[in-house]
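Good morning, and thank you for joining this short presentation. I shall introduce a structure that is new to the group, and I ask that you keep the display in view while I speak.

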Amino acid sequence: MKKNLLVAIVLVCMGASQNASAQKGDLKDIDHLSFYGVDFTYAKVYGADETAHQFLDAFIRINDLFESEPKTYSASKAFGVRSDELFNRQVKQDVDNIPRSELFTDDNKYAVTDADIDQVVAKIEKQGDSQYGAVIVAGLLNKTGNHGTFTFVVFDQDTKEVIFQQEATGKARGFGLRNFWAGALRGAMKNVR
């Protein structure tokens, strides 16, 4: 009996894990998303010379690109849904809470965990009328490797259940700190499958 219960629990957990890492095509029935921007709470910088203050300023300005360049930085296109409404005030305010002393890492293999993703989703205050929310969670910004890693997440706004989660990497390029890492984000947005 205990063995059957254990097998059932494992199968349920595997099913939940498969839902969270579903393909972008599984989102085709979603008409509209409330998009919360890029959350940099768990971002770590590797191999860069700039200061924490310079990075925190760049993080806010990267989120501004969703407003100033909506065709280039299109959440609906990245997630493969029909439309989105931007609510990135929360992630921009959260930049002030990022501990400057913890922004940089010596670990070029750093990765955001599922628990980190759950924390980001849990703290988002629901906005808009959509049943679904979406957020991009920044991970490792590797200056020596010229790439940034981002996790693309769609969740049910009422239950906070993650229904889609995929990590994607983009090549960093561009002049200036904001544009360099925005280039990595843009590349990652094109790599969501």
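I shall begin with the chain as a whole, then turn to one helix, and end with the cores and the confidence of the model.

Please bear in mind that this is a predicted model. The predictor's confidence, expressed as pLDDT, averages 89 over the chain, and 87% of the residues score at least 70. Residues 1-20 require caution, for there the pLDDT is below 50. Beyond near neighbours in sequence, this stretch has 6 contacts in the model.

Let us consider the overall arrangement. The chain contains 6 helices and 6 strands, and along the sequence they follow the pattern α-β-β-α-α-β-α-α-β-β-β-α. Of its 193 residues, 45% count as buried. If we take the contacts between residues at least 6 apart in sequence, 74% of them join residues at least 24 apart. The chain exposes about 10200 Å², of which carbon and sulfur atoms supply 49%.

I now turn to helix 2, which covers residues 52-68. From first C-alpha to last, this helix of 17 residues reaches 24 Å, close to the 24 Å expected at 1.5 Å a residue. Which residues of helix 2 are buried? They are Ala-52, Phe-55, Leu-56, Ala-58, Phe-59, Ile-62, Asn-63, Leu-65 and Phe-66. Seen down the helix axis, these buried residues fall within an arc of 160°, so they line one face of helix 2. The spacing has a general background: an α-helix has 3.6 residues a turn, so residues three or four places apart point the same way. On the face turned away from the buried side, helix 2 carries the exposed residues His-53 and Ser-68.

What covers the buried residues of helix 2? The cover includes strands 1, 2, 3 and 4, together with helix 4 and helix 6.

This brings us to the nonpolar cores. The largest has 44 residues, and those with the most contacts inside it are Phe-59, Phe-79, Ile-136, Phe-150, Phe-152, Trp-181 and Leu-185. At least two residues of this core come from each of strand 1, helix 2, helix 3, strand 4, strand 5, strand 6 and helix 6. Apart from this core lies another, of 14 residues, among them Tyr-36, Ile-117, Ile-124 and Val-153.

Finally, let us look at Phe-59 of helix 2. Leaving aside residues up to four places away in sequence, Phe-59 touches Phe-40, Ala-43, Val-95, Ile-98, Leu-103 and Leu-141.

Key:
Residues are numbered from 1 along each chain as its sequence is written. This is a predicted model: local features need pLDDT of at least 70, side-chain atom pairs count only at pLDDT 80 or more; totals for chains, interfaces and linings use all residues. Side-chain values use heavy atoms; hydrogens and water are left out. Helices (H or I, at least four residues) and strands (E, at least two) are DSSP runs, numbered from the N terminus. Buried means under 20% relative accessible area, exposed over 50%, partly exposed in between (1.4 Å probe, protein chains only). Contact means heavy atoms within 4.5 Å. Accessible areas come from the Shrake-Rupley method with a 1.4 Å probe; for residues, only the protein chains shown count as cover. The expected span of a helix is 1.5 Å times one less than its number of residues. The arc is that of the directions from the helix axis to the C-beta atoms. A nonpolar core is a set of buried Ala, Val, Leu, Ile, Met, Phe, Trp, Tyr and Cys residues joined through side-chain atoms within 4.5 Å. pLDDT is the predictor's confidence in each residue, from 0 to 100.
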